[in-house]
Amino acid sequence: MAPIRLERPVSTATDLTDYTHATDEPIEADPDNRSLNSADFEVDTESLTESVKGVVHEYGRTYQQWRAGAYPFPNDETEYDRLGWQHLLIKCLLRNRNWFAPIKSLPHKHPKRVLDIGCGTGQWCREIAKEFPRSRVEGIDLSKPPQKYLNDSPENLHFNMDDIRHSMWWDLANDYTYDYIHTRMSLGIYPDFREIIQKSFNNLEPGGFMESQELDSKIFCDDGTMPSNWPLLEWSKDQNEAAHDILGRPLRIAPRLKTWYEQAGFVDVKEEIFRIPINAWAKDPWLKMMGVFMAVNMRDGLYGFSVNYFHRAWGWTVPEIRARLVPVYDSLKDNSVHAYFKVYVVHGRKPRKDEPPSDVPKPDHWPTKDNCYNDKKI
């Protein structure tokens, strides 16, 4: 598949001055270098069965068949298991909260209609549907969740195969609006995430909310323990170059979300930043546990995060990619490096009919229905 290159610049604005959770206090490292478990960090090379239907087989994994190539990561059972753990990891990091937007301030004290873009396994949707039984909760994705995730679904929960890139989402995609739209872990998927934000704004009821919970792929370290040639850091730089510079699927969207929300027309935009250690190096028991979960999630996803990007960007073969990932796997259990990721939670409100619109101007290169990326690769 030919590389997809960016044709329109993406805003580099990163105004991070308005947040309530982030702190400059460093995470204290555990001087005893204790670990919570002895999880195996070896590369998983177990072959997949041939019984999976409606999929494309590539790189020893399976990918969705509908809109093939639109989603760069696998959709097989291994990936669904990882996504299940990722949901628990993010929820635990956010202190058992699924949402931060003040949706209980809506007129009915609950959202009437909820949309989750890129719902994956649908676990977030399921929990929201149970929490708000009078809300209609919809999850859309390029693949429907496996049947085991559909069993015993609440009656108010609906899953649909849909593509948010489609031009119909610039206008009302359905005969109704939503009053809460949610995204999570969307990095590296869309050519321009601003389109997703603007389409969501267009499909919201006045007074409704959008919220994004997104990880910044940049690796941080505050105490100088991360060498410039640390394998995980080098992998991160390679992944960012392949995804953004060559394939046009930017990874580092999280620090820009607040500015993009404001430029899309949202008001009362809030941002919170959470930090998560990459392994068990932190002294605090809760952060140590988060680090173990993060390392396991990275271990389970590393090959899937890498193979599509590296093969399409540079033509590396599967054996070559696996060989290059071996030191990266090893670095995930190196507690001497005190590295961490940041997770951004951003939410905003569409102005009500009785209040003025946002006064934040859109840049000249802001995506519109006429110049957008949607439908180009459908």
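A residue counts as buried when its relative accessible area is under 20%, and with that cut-off in mind one can begin to read this predicted model at helix H6, which spans residues 257-264 and is mostly covered, eight of its eight residues being buried. These buried residues are Leu257, Lys258, Thr259, Trp260, Tyr261, Glu262, Gln263 and Ala264. Their cover includes helix H4 (193-202) together with three strands, namely E7 (204-221), E8 (267-277) and E9 (339-349). After H6 comes Gly265, whose phi is positive, near 120°.

Further along the chain, the loop between E8 and helix H7 (285-314) holds Asn279. Asn279 has a relative accessible area of 3%, and because this is under 20%, the residue is buried. A polar atom of the Asn279 side chain lies 3.1 Å from the backbone oxygen of Asp334. If neighbours within four places in sequence are left aside, the residues in contact with Asn279 are Gly291, Val292, Ala295, Ser331, Leu332, Lys333, Asp334, Asn335 and Val337.

Another part of the model shows how two helices meet. Two packed helices are described by the angle between their axes and the distance between the axes. For helix H1 (residues 77-93) and helix H2 (residues 123-131), the axes come within 10 Å and cross at roughly 55°, which means that H1 is oblique to H2. On the H1 side, Leu83, Gly84, His87 and Lys91 take part in the contact, and they meet Gln123, Trp124 and Glu127 of H2. The residues of this contact divide into two nonpolar, three polar and two charged.

Note on methods
Residues are numbered from 1 along each chain as its sequence is written. This is a predicted model: local features need pLDDT of at least 70, side-chain atom pairs count only at pLDDT 80 or more; totals for chains, interfaces and linings use all residues. Side-chain values use heavy atoms; hydrogens and water are left out. Axes are lines fitted to C-alpha atoms, for helices over the stretch in contact, and angles run from 0 to 180 degrees between N-to-C directions. Helices (H or I, at least four residues) and strands (E, at least two) are DSSP runs, numbered from the N terminus. Angles under 35 degrees count as roughly parallel, over 145 as roughly antiparallel, 65 to 115 as roughly perpendicular and the rest as oblique. Contact means heavy atoms within 4.5 Å. Ala, Val, Leu, Ile, Met, Phe, Trp, Tyr, Cys and Pro count as nonpolar, Asp, Glu, Lys and Arg as charged, and the others, Gly among them, as polar. Buried means under 20% relative accessible area, exposed over 50%, partly exposed in between (1.4 Å probe, protein chains only). A polar contact is a pair of N or O atoms within 3.5 Å; within protein, one must be able to donate a hydrogen and the other to accept it, and residues adjacent in sequence count only if both atoms are side-chain atoms.
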